[in-house]
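Trainee: I have the picture open, and I would like to test the words used for it. May I ask how each one is earned?
Mentor: Go ahead.

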Amino acid sequence: MAELPDLTVFAQILSRRFKGKIVERVEVTVGKKLNVSVKELQTALEGRDLNGVRRVGKTLQFDFGDQVLGLHLMLRGELVAVEDNEVPRFQVLAIHFKGGEGFAVLDMQKMATPTLNPEQNDVPDALDMEESYFTSLLAKKRTVIKTVLMDQHVMRGIGNSYADEILYHAGVSPFSIAKAVPAEKLFKSIQTVLEKAIKDISRANGDELMGELKDFMLVHSSKLKVTEKGELIRTDKIGGRMTYYTDMQELFL
DNA sequence: GTAATTGTTCTAGC
DNA sequence: CGCTAGAACAATTA
């Protein structure tokens, strides 16, 4: 469930807490998604110090100088701070730093994917793509707009939840055809919604690393029946994914 | 026991 | 061949 805003905040918190610390021990509890052997990962990271953590698309990258650990949390991955000997339930991977502090990746579905030295990717990030790129992208897509926003091959970082939030903010129906959608307006909504979410999540979660972050969904929630403004929230499936929207969102065809 | 969940990858069809 | 839609798969809990 972690998308761009959550991951951005995770990266900030991880950087603040662990930057400069030296890796004492790398613990791999579930290794099937790892692209190298456990031993290779350990020799690559142990003894190095963490230069920082950044978000790249829907992944995190832990920068250890000439070695980088990529991490995709997939559907249910979480990050928690751990003490030296602590092994939380559903642990996939843990990094223990000298001095006793560390963090663990948890995933009850075991789908979280750590990658040593992930390949570079040219697909622009949703938060730093050029407006001209977005405009010409929409112009050549005949797909439903929601699937374009979520397509990691054309822009990275937006998943099912924030696609709904962005389209609600823009007043654009998720069923609109991409090339008919006013690109400038939607582009602004992408920036606005994502940046606001980063601020809200950051403020609400502080410096703690406690698994899932609290979020602020206005439409994408099974608990809500109406929006803050009292608009009825409808549900449907787009591409097999649950979609939340209102009748206030204009359909462009 | 089964429904529900969603990111990614694969495949069929136009 | 390029693009799109949809299915398959992953794994576990409520």
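Mentor: Start with "near": a residue is near a molecule or strand if one of its heavy atoms lies within 4 Å of it. This is a predicted model, where local features need pLDDT of at least 70, side-chain atom pairs count only at pLDDT 80 or more, and totals for chains, interfaces and linings use all residues. Residues are numbered from 1 along each chain as written, chains are lettered from A and ligands numbered from 1 in the order written, and side-chain values use heavy atoms, without hydrogens and water.

Trainee: Which residues come nearest to DNA strand B?
Mentor: There are 11 residues around DNA strand B, and His72, Leu75, Gln152, Asn160 and Arg241 come nearest. Of the strand's atoms within 4 Å of the protein, 62% belong to sugar and phosphate.

Trainee: What makes His72 a polar contact of a phosphate oxygen of DNA strand B?
Mentor: A polar contact is a pair of N or O atoms within 3.5 Å; within protein, one must be able to donate a hydrogen and the other to accept it, and residues adjacent in sequence count only if both atoms are side-chain atoms. An N or O atom in the His72 side chain is 2.4 Å from a phosphate oxygen of DNA strand B, so the pair qualifies. A polar backbone atom of Asn160 is 3.2 Å from a phosphate oxygen of the strand, so that pair qualifies too.

Trainee: What does the side chain of Arg241 reach on DNA strand B?
Mentor: A base oxygen, 2.5 Å from an N or O atom of the Arg241 side chain.

Trainee: Where do the two domains of chain A lie?
Mentor: Domain 1 is 4-116 and domain 2 is 131-245; such bounds come from an automatic or database domain assignment. Their C-alpha centres lie 27 Å apart.

Trainee: How do you know that the domains are in contact?
Mentor: Contact means heavy atoms within 4.5 Å. By that rule, 20 residues of domain 1 are in contact with 19 of domain 2.

Trainee: Why is the pair Asp207 and Arg16 called a salt bridge?
Mentor: The term needs a side-chain nitrogen of Lys or Arg within 4 Å of a carboxyl oxygen of Asp or Glu. In this pair the closest N and O atoms are 2.6 Å apart, so the name fits. The rule finds 1 salt bridge across the interface of domain 1 and domain 2.
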